[in-house]
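Grab a coffee and open the viewer: here is a set of short exercises to work through at your own pace. Try each task before you read its solution.

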Amino acid sequence: MSPVFRMLVFLAAALPLAAQNPAPVPPPETFSGSIDVRVVNVEAVVTDHRGQRVSGLTAKDFHLRVDGKEMPIDSFAEVGGGKAAVAAAPAASAGPAGSAGPSEAAAPPQGRSLVVFIDESFAVKSHRDIVLKKLAIQLGQLEAADRVAVVAFDGTRMSVLCDWTDDRAVLSDIFARAQLRPANGIAAVASRRAKQDDIDLMAMVNSDLNLSGEGEGSSGAEQPVGPSLGGLVDEAMSAHLGRMPTALTAAMRAFANAPGRKLMLLLSGGWPSLSVGMPVVGEANRLGYTLYPVDVTGVDTTFLANDASYAGSSPVGHTKDAWESNSEYALEVMAKATGGKASIDSARLDALPRILEDTRSYYWMSFTPHWTGDDRSHRIQVEVSRPGLQIRSRRSFADFSQATRAKLGAEDVLFFGGDPAGKQLGVEAETPQKLSARRQRFPFVLVIPLAAFAGGREGRSVNELVLAVQTEDDSGNRTRFPDTPIHVSPEPTGGTAHFKLSLPLSTGRHRLIFTLREPASGTVIWGDKWVQP
């Protein structure tokens, strides 16, 4: 792999989110705090050696493997024009001899559900608005059964601009209003330019040092400092990159209950790191999303390379630097891993038509894996028995544990306010104890309604629950505490149980999110509390 594609992985122990307003963002009507996926859907595009779509295949023509082991296909259909054209075949026809029949049926997708995710943290406003204007013009190409939802993320806070709608006039107005929203990409450009100036200056100094040492035969001359991607990333930009995958996956979960084929259009201002793409790919494949990333920046003329080591030339003769090349590479990886396509450079202006054309006809199949909750990503391979054909489909799915799902549920509450029906956990704050000038220990009492877990306590003398706690302060800094097991004795008449805990918090206002999950039943309740040390 070329050095220009060696990604820096930005790992943040705390992924900050803004807490500018105590009132949470209203959740989408389809919000579900816990998405329990049992059937995995796979959409496959089959083309011949000329790149033309191939139709008329049946389930017997396909082989589906998970981690190298062939799996029976529970359901199968050829979808054309957004409608299922061919009914499913029996699972045994596609599976290995002696394999069990389908354990759970799934319906072929009808229409498309497209989530438009607008990145306002890295996108420059003028670049973003060009793409939004094009989207508004192209809305007429949506089909009758299609629906669209729109969210925006400014690097700290999520905004639901539009829940599911098929009203083109409403969507046109939403995209017009989105152009009035600020975007923070110009700050990233300014920081990047300042960093680049420092790198160029250091390169000149190193060059002078090497030239002065040549005549003396010095073997200890310092090596020139090349244009490093790491040098272009400051602390604020690294923090924004760290928040991005959490925001993307939360948005997918919030709208995951939509019918039809699930798509996400990612309007990216430039994420030069695979640390953004990999968590998003895993969750997209688990929930059945196909990702269509869009390079909102297009050809980046903000930075003109003065060194051939920056990267190769683009189709228009523009020499791309490490940042631009890495950003495009990350988008391509996200698309390819989920069976989608990336819209790079000038293709960004036709992103919506490209998505609609790409998802108009395909083969849809589902299978039921053996779920173990191992928190691993499992590889999916789809092959067709006819020679000379190419397949594009998602590459993996994630098998999350109950603990991981509880943590994801807590993140969703931070972004979208959580499922109102699940806000049943009472939270009481007591007088804090001073630890230092900048830290205090806050005692809390959780009031647990035992009736909420009635479905999981039958035949047991103790309810085994898992508590997850996350905090965010007014600066957007977030802290996740280790999960805590809780054992409570159920009462025949319901009632409540009380659980005491104390948490160290820094000075300033904090919002604490408590989620309580019962692994046996999958039931999750939550509560929150604002405190001011």
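The exercises below go from the whole chain to single residues.

**Exercise 1. The overall picture**

Task: Find how many helices and strands the protein has, and what share of its residues count as buried.

Solution: Before you start, keep in mind that this is a predicted model. Step one is the count of elements: there are eight helices and 23 strands. Step two is burial: of the 533 residues, 53% count as buried. Step three looks at contacts between residues at least 6 apart in sequence: 77% of them join residues at least 24 apart.

**Exercise 2. A five-stranded sheet**

Task: Work out the strand order of the open sheet of five strands, and name its edge strands.

Solution: Start with the order, which reads 8-7-6-9-10, with mixed pairing. Next, look at the two ends: strand 8 (158-165) and strand 10 (289-295) are the edge strands, since each pairs on one side only. Neighbouring strands of this sheet are turned by 15° against each other on average, direction ignored.

Now zoom in on one pairing. Strand 7 and strand 8 run antiparallel and are joined by five bridges. To see one residue pair, select V151, whose bridge partner in strand 8 is V160.

**Exercise 3. Helices against the strands**

Task: Find which strands helix 1 lies across and which strands helix 6 lies across.

Solution: Take helix 1 (residues 125-137) to begin with. Helix 1 lies across strand 6 and strand 9 (261-268), and runs at about 145° to strand 9. Helix 6, in turn, lies across strand 9 and strand 10, at about 160° to strand 10.

Stay with helix 6 for its length. Helix 6 covers residues 322-338, 17 residues in total, and reaches 25 Å from its first C-alpha to its last. That is close to the 24 Å expected at 1.5 Å a residue. Then check its surroundings: 14 of the 17 residues of helix 6 are buried, so this helix is largely enclosed by the rest of the structure. Finally, step past its end to G339, which follows helix 6 and has a positive phi near 85°.

**Exercise 4. Aromatic pairs**

Task: Classify the ring pair of F76 and Y363, then do likewise for F117 and F153.

Solution: A pair of aromatic rings is described by two values, the distance of the centres and the angle of the planes. The structure holds nine aromatic pairs. For F76 and Y363 the values are 6.0 Å centre to centre and 25° between the planes, and the pair is stacked. The cut-off needed here is that planes under 30 degrees apart count as stacked. F76 lies in strand 4 (residues 75-80) and Y363 in strand 11 (residues 361-367), so the pair ties together parts that are 287 residues apart in sequence. F76 counts as buried because its relative accessibility is 2%, and Y363 counts as buried at 2% relative accessibility as well.

F117 and F153 give 6.4 Å centre to centre and 40° between the planes, which makes a tilted pair. This pair links distant parts of the chain, with F117 in strand 6 (residues 112-119) and F153 in strand 7 (residues 147-153), 36 residues apart. Both F117 and F153 are buried.

Two further ring features round this off. Ring pairs link F62, F76 and Y363 into a cluster. R261 lies over the face of Y362, at 4.3 Å from the ring centre.

**Exercise 5. Loop residues**

Task: Say where D67 is found, and decide whether D375 is buried or partly exposed.

Solution: D67 is found in the loop between strand 2 (62-66) and strand 3 (69-71). Its phi is near 55°, a positive value in a residue other than glycine. At 36% relative accessibility, D67 counts as partly exposed.

D375 lies in the loop between strand 11 and strand 12 (376-384). D375 is not a glycine, yet has a positive phi of about 60°. With a relative accessible area of 41%, D375 is partly exposed.

Last, visit G51, in the loop between strand 1 (40-47) and strand 2. G51 counts as partly exposed, at 46% relative accessibility. Its C-alpha atom is separated by 9.1 Å from that of L389, although the two residues are 338 residues apart along the chain.

Note on methods: Residues numbered from 1 in each chain as written. Predicted model: local features only at pLDDT ≥ 70, side-chain atom pairs only at ≥ 80, totals over all residues. Heavy atoms only, no water. Phe/Tyr/Trp six-rings, centres within 6.5 Å; stacked < 30°, edge-to-face > 60°. Helix = DSSP H or I, 4+ residues; strand = E, 2+ residues; numbered from the N terminus. Buried < 20%, exposed > 50% of the residue type's maximum accessible area, 1.4 Å probe, protein only. Lys NZ or Arg CZ within 6 Å of the ring centre and 35° of its normal. Expected span 1.5 Å × (residues − 1). Pairing = 2+ DSSP bridges. Axes fitted to C-alpha atoms, helices over the stretch in contact; angles between N-to-C directions. Contact = heavy atoms within 4.5 Å.
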